[in-house]
Amino acid sequence: MDIVRDLAVLDLLCVRDFPGVHGSTEVGSGGPGYFMVSLGPGAWPSPEDLHAYETAVAERLDERLGGQARSETVTLRERLTRGERISEPWASLGVLADDLRTWPAGETGRWITLAVSDRDEPDRARLLAAVTDTEPPFTGRPSGG
């Protein structure tokens with residue numbers, strides 16, 4: 001568990017060109033307008049460890065980028081169920097996680113989002129991070145932490 005390494009990956013993704021097509025990248029997955037990566041170890045000793053790591057990464061991002069917007073994903077899932085087209089990575093995050101923490105990534109014009117993915121794979125919960133140039137499809141004001 002190396003927060004410094006994970007923050008460096010996010011920094012890199014904030015300036016790297018997005019892939020032209022959806023698929024795997026050297027750090028995770030991506031496509032036009034987004035990257036998605038898993039942070040931390042491949043397997044978490046406990047759910048508490050995963051959530052503590054998420055909080056620690058979020059605190060570092062708050063220090064760097066200011067307050068975060070928090071959003072539940074139930075509305076995204078409802079919109080997807082109604083057949084509304086939601087762009088990536090928001091559609092995937094809406095299915096995989098219940099709660100999103102999102103920051104505008106400074107002058108890059110991108111957004112960074114953290115999400116605990118434990119909806120469909122409780123035995124393989126992950127901390128996901130997405131970097132995208134697509135504005136979040138929800139409203140929310142930065143909470144300051």
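Modeller: Helices, of at least four residues, and strands, of at least two, are DSSP runs numbered from the N terminus. The model discussed here is predicted.

Biologist: Between which two strands does the loop holding Ala-125 lie?

Modeller: Ala-125 belongs to a loop and is buried, because its relative accessibility is 18% and buried means under 20%. The strands that this loop joins are E6 (111–117) and E7 (126–132).

Biologist: How far apart in space are Ala-125 and Leu-50, C-alpha to C-alpha?

Modeller: Leaving aside neighbours within four places in sequence, Ala-125 is in contact with Trp-44, Leu-50, Ser-117 and Asp-118. Ala-125 and Leu-50 are 75 residues apart in sequence, and their C-alpha separation in space is 8.0 Å.

Biologist: Trp-44, one of those contacts, also has an aromatic partner. With which residue does Trp-44 form an aromatic pair?

Modeller: Trp-44 is buried, with a relative accessible area of 14%, and its partner also counts as buried, at 6% relative accessibility. The two rings are 5.3 Å apart centre to centre, with 50 degrees between the planes. Planes under 30 degrees apart count as stacked and those over 60 as edge-to-face, so the rest are tilted. Trp-44 thus forms a tilted pair with Tyr-53.

Biologist: The structure holds two aromatic pairs. How many residues apart in sequence are the parts tied together by the pair of Phe-18 and Phe-35?

Modeller: Phe-18 and Phe-35 form a tilted pair, at 5.2 Å centre to centre and 40 degrees between the planes. Phe-18 is buried at a relative accessible area of 18%, and Phe-35 is buried at 2%. Phe-18 lies in the loop between H1 and strand E1 (23–24), whereas Phe-35 lies in strand E3 (residues 34–39), so the pair ties together parts whose separation in sequence is 17 residues.

Biologist: How is helix H1 oriented to H2: parallel, antiparallel, perpendicular or oblique?

Modeller: The axes of H1 (residues 3–13) and H2 (residues 47–65) come within 11 Å and cross at roughly 55 degrees. Angles under 35 degrees count as roughly parallel, over 145 as roughly antiparallel and 65 to 115 as roughly perpendicular. The crossing angle therefore makes the orientation of H1 to H2 oblique.

Biologist: Is the crossing of H1 and H2 left-handed or right-handed?

Modeller: On the H1 side, the contact is made by Ile-3, Asp-6, Leu-7, Leu-10 and Asp-11, and on the H2 side by Tyr-53, Ala-56, Val-57, Arg-60, Leu-61 and Arg-64. These residues divide into seven nonpolar, no polar and four charged. The crossing itself is right-handed.

Biologist: Is Pro-47 of helix H2 buried or exposed?

Modeller: Pro-47 and Gly-31 are 16 residues apart in sequence, yet 29 Å apart in space from C-alpha to C-alpha. The relative accessible area of Pro-47 is 55%. Exposed means over 50%, so that cut-off is the one to apply. Pro-47 is therefore exposed.

Biologist: Where does Pro-89 lie?

Modeller: The peptide bond from Glu-88 to Pro-89 is cis, with omega near 10 degrees. Pro-89 lies in the loop between helix H3 (74–81) and helix H4 (90–96).

Biologist: Leaving aside neighbours within four places in sequence, with which residues is Arg-79 in contact?

Modeller: Arg-79 is found in helix H3. Its relative accessibility is 16%, so Arg-79 counts as buried. Outside its sequence neighbours within four places, Arg-79 is in contact with Glu-84, Ile-86 and Pro-137.

Conventions
Residues numbered from 1 in each chain as written. Predicted model: local features only at pLDDT ≥ 70, side-chain atom pairs only at ≥ 80, totals over all residues. Heavy atoms only, no water. Axes fitted to C-alpha atoms, helices over the stretch in contact; angles between N-to-C directions. Left-handed = near helix turned anticlockwise from the far one by under 90°. Contact = heavy atoms within 4.5 Å. Nonpolar A, V, L, I, M, F, W, Y, C, P; charged D, E, K, R; others polar. Buried < 20%, exposed > 50% of the residue type's maximum accessible area, 1.4 Å probe, protein only. Phe/Tyr/Trp six-rings, centres within 6.5 Å; stacked < 30°, edge-to-face > 60°.
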